[in-house]
Amino acid sequence: MKEGSLEAPTRHPIDWKSETFYDEKACVDEMERIFDICHGCRRCVSLCGSFPTLFDLIDEGESGELDSVDAADYWKVVDQCYLCDVCYLTKCPYVPPHPWNLDFPHTMLRAKAIQFKKGTKTKTRDTLLSNTSANGKLASIPVVTEAVNFATTNKVARSVGEKMLGVHKSAWLPKFAKKPFEKSAEISEELQVVDGKLTRGKVAIYSTCYINWNEPGIGHDLIEILKINKIPHIVVEKQGCCGMPKLELGDLDSVEKLKNENIPKMAQLAKDGYVIVSPIPSCTLMFKQELPLLFPDDSDVQIVGKAMMDPFEYFRARMRDDLFKTDFNSEPGNVSYHVSCHLRVQNVGQKTREVLEKIPGSSLNTVERCSGHAGTWGVKKEFHETALKIGRPVFRQMNKHPNSETGVPDVIASDCQLAAHHIKQGIGSEEGSNVKHPLSILADAYRTK
């Protein structure tokens, strides 16, 4: 029996349409099997709230073993999981092909799906928060945009929101853009498609809900980078949410509806020779990994999964093809760069860091640990303080830079822009480092200051 991740972890498809998937007793039995293995290992204790919750339940029990933990308390562990996947892909020595076949996050997903089917006290709130595309369309109405943006920083409105919606009054919330990315994205010039040995020469941009409705400037910077490198692009038309917020909720039927909305058009783009990039790692991961595991027999899903790339994964490969410009005009300064969980588990390495280090004069302090934000999970009233607690080691590391005269970085960056703002909030200073997406850092480096 081999242990210690001596072989690459493999993922089994999720049989979520079978009746047994929603069998609560079978799910609880599987949680019991897995929790007992985790109790004997405890390697993941520092990753998130799920493992300390589990181990506290065991340690405070009469026998100090799992047999003295009430199975009803297993759901406390489930509630603390936000499906970052780090335990599976970076820590656990018992994942497949190990015969113990331990998949903690997908077991938590199964439990969340059962919870969602049964209904929970916060189902209305959770469903509302996870409707990112619908929320964005509503908030794009000018008068609504102003009202929502005002409410994000108004203390009275935030207190009301906490009581009525369960969104923590102190959690950072993004503002909505006056003009969505999809309505303002620059159309590509007629450029020659130049394929490399490692890369396709044209790009389709899946902009994501966040870039489209909240920070379209990041999308414009991505287009600017492609334009400078003479890479023709298009933006995926009439795109819906990737489904990650619904997945984290356990609402798999909604994930399927969104899949049916997005995949046909994206599969056609892949068949037409486009590489598909997404500026938010969670969305990239959804198309790369989660949808292919949920729909293993859907050939279009598999085609899209193989065509998806993180932007910096693509840029680094383009550099190896000697088809990416590195004649930069300005320096980014001292950057504290956070590697988000959903980028780490794509198993592509630290491509963002590798690209940014090609900028002359760049100085990166790289932090590879969970920030604790986890999308909608980190803004909920019952979890926000835990999200800040999980992120404290990251906050400390990100607020230091070895090459800075003041000790603090000029820029805080993460491929997950939500994580970057969460880190900024956790650091606690209104002044100091600016939050900037790595795509914006790269685009700025091409510009002359």
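**Exercise 1. Determine how strand 1 and strand 3 are paired, and place them in their sheet.**

Step 1. Strand 1 (residues 203–205) and strand 3 (residues 275–277) run parallel to each other and are joined over 3 bridges. Helices (H or I, at least four residues) and strands (E, at least two) are DSSP runs, numbered from the N terminus. Two strands pair if DSSP finds at least two bridges between them. The model is a predicted one, in which local features need pLDDT of at least 70, side-chain atom pairs count only at pLDDT 80 or more, and totals for chains, interfaces and linings use all residues. Residues are numbered from 1 along each chain as its sequence is written, and side-chain values use heavy atoms, with hydrogens and water left out.

Step 2. Within this pair, Ile 205 has Val 277 of strand 3 as its bridge partner.

Step 3. The open sheet consists of 4 strands in the order 2-1-3-4, with parallel pairing. Strand 2 (233–235) and strand 4 (308–309) lie at the edges with a single partner strand each, so one side of each lacks a neighbour in the sheet.

**Exercise 2. Describe the pairing and the burial of strand 6.**

Step 1. Strand 5 and strand 6 pair in the parallel sense, over 5 bridges. Opposite Ser 336 stands Asn 365 in strand 6.

Step 2. Buried means under 20% relative accessible area, exposed over 50%, and partly exposed in between (1.4 Å probe, protein chains only). In strand 6, 4 of the 5 residues are buried, so the strand is largely enclosed by the rest of the structure.

**Exercise 3. Analyse the geometry and surroundings of helix 20.**

Step 1. Helix 20 (residues 384–398) has 15 residues and reaches 19 Å from its first C-alpha to its last, close to the expected 21 Å. The expected span is 1.5 Å times one less than the number of residues.

Step 2. At Gly 391 helix 20 bends by about 50°, and Pro 393 follows within four residues. The bend is the angle between axes fitted to the seven residues ending at a residue and the seven starting there.

Step 3. The buried residues of helix 20 include His 384, Leu 388, Gly 391, Pro 393 and Phe 395. Their cover includes strand 5 (334–338), strand 6 (363–367), strand 7 (411–414) and helix 21 (417–427).

**Exercise 4. State the composition and extent of the chain.**

Step 1. The chain contains 22 helices and 8 strands.

Step 2. Its C-alpha trace spans about 65 × 50 × 45 Å along the principal axes.

Step 3. Of the 449 residues of the chain, 56% count as buried.

How values were computed:
Contact means heavy atoms within 4.5 Å.
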